[in-house]
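Reader: I am new to this structure and would be grateful for a close look at a single part of it. Please take one helix and describe its surroundings in a connected account.

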Amino acid sequence: MDTTAVASDPQFAHIRIVLGIVLGLALTTLLKGLAKFVQHPGRERIYGVHLGWALSMFILLVHFWWWEFGLLRVHPWTFTSYAFLVLYVVVLFLLCTLLFPDDLADYSGWRDYFQSRRSWFFGIMASLYVIDFVDTLIKGKPYYEHFGIEYPIRNGLLVVLCLVAMKVSSERFHRAFVAFAIVYELSWIYRLYDYLP
C-alpha cells in the first residue's frame, strides 16, 4: 500500500486532529495532577496505588499515541471505526480526570479518594478493554489476528481483574494489580514494537 497516498487522506488527517485534541487534554490532566505533588509536597499524603495508576495511565496514553501512527494503514475509514476511536480516547480522558479531581475537600486524602472512586475507575477501565477489543475487530480479521492468541486472553484477563478491583479493597491486591498492569503493558509495548527476533 502506498503510505504517501494514505497519509494525505483528508479523513485520516481530520481523525488524527480530533484524537490528538482529546489525548492532549488527557495528558494535560494527568501531568497537571502529578505536578501538584511537586508544587505542594506536604498538602496531601501520597498514595502509592493511586500514583501507580497515574503512571499506568501515562503509559497507556503514550502507547495509544504511538499506535495511532499505525492508523495510516486503515483505508477507507468508516464512521463506525472513527466513532470507536473517539469513544476510546474519551474513556482514556475520563480515567485521567477520575485520577485527579479538581480538589480533595470532601476526602481525607488520596487513599480515601481513590478507594471511594474505585468502582467508577475500574468499571470505566474494564469498559476500555472491551472497547479496545471491539475496535480491533472492526478493523478487520487480518488486523485482529496479527496480535495472536495473547490479545483476547490479555483483554479478558484485564477486564476480570478490573471487575474484581471494583469489589475488593485489599491493599495487597491493589498493589499487585497496578504493578502487574504496568509491567505487562511495558512488556506488551516492547514485544509489539521493539522486539527484533
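**Helix H3 and its neighbours**

Author: With a relative accessibility of 13%, Gln-115 falls under the 20% limit and therefore counts as buried. The model in which this holds is a predicted one. Gln-115 belongs to helix H5, which covers residues 110-116. Leaving aside residues up to four places away in sequence, Gln-115 touches Tyr-47, Ser-169, Glu-171 and His-174.

From this residue the account turns to the requested helix. Helix H3 runs over residues 48-67. An unreviewed UniProt entry annotates residues 46-67 as a transmembrane region, and gives the same annotation to residues 12-34, 79-100, 120-139 and 176-193. For two of these annotated spans the model offers further detail. Residues 12-34 are 100% helix and 0% strand, with their end C-alpha atoms 32 Å apart. Residues 120-139 are 95% helix and 0% strand, and here the end C-alpha atoms lie 29 Å apart.

One neighbour of H3 is helix H4, formed by residues 79-99. The axes of H3 and H4 come within 10 Å and cross at roughly 155°. Since angles over 145 degrees count as roughly antiparallel, H3 and H4 are therefore roughly antiparallel to each other. The crossing of H3 past H4 is left-handed. On the H3 side, the contact is made by His-50, Trp-53, Ala-54, Met-57, Leu-60, Leu-61, Phe-64 and Trp-67. On the H4 side, Leu-85, Tyr-88, Val-89, Leu-92, Leu-95, Cys-96 and Leu-99 take part. By class, the residues of this contact between H3 and H4 comprise 14 nonpolar, 1 polar and no charged.

Another neighbour is helix H6, which spans residues 118-138. H3 and H6 pack at an angle of about 20°, and their axes are 14 Å apart. Because angles under 35 degrees count as roughly parallel, H3 is roughly parallel to H6. H3 also passes H6 in a left-handed crossing. In this contact, Trp-53, Met-57, Leu-60 and Trp-67 of H3 meet Phe-121, Phe-122, Met-125, Leu-128, Tyr-129 and Asp-135 of H6. The residues where H3 and H6 touch divide into 9 nonpolar, no polar and 1 charged.

Taken together, the two contacts share residues of H3: Trp-53, Met-57, Leu-60 and Trp-67 take part in the contact with H4 and also meet residues of H6.

Terms used
Residues are numbered from 1 along each chain as its sequence is written. This is a predicted model: local features need pLDDT of at least 70, side-chain atom pairs count only at pLDDT 80 or more; totals for chains, interfaces and linings use all residues. Side-chain values use heavy atoms; hydrogens and water are left out. UniProt positions are given in the numbering used here, feature names are shortened, and annotations may be inferred rather than shown by experiment. Helices (H or I, at least four residues) and strands (E, at least two) are DSSP runs, numbered from the N terminus. Axes are lines fitted to C-alpha atoms, for helices over the stretch in contact, and angles run from 0 to 180 degrees between N-to-C directions. Angles under 35 degrees count as roughly parallel, over 145 as roughly antiparallel, 65 to 115 as roughly perpendicular and the rest as oblique. A crossing is left-handed if the near helix is turned anticlockwise from the far one by less than a right angle, and right-handed if clockwise. Contact means heavy atoms within 4.5 Å. Ala, Val, Leu, Ile, Met, Phe, Trp, Tyr, Cys and Pro count as nonpolar, Asp, Glu, Lys and Arg as charged, and the others, Gly among them, as polar. Buried means under 20% relative accessible area, exposed over 50%, partly exposed in between (1.4 Å probe, protein chains only).
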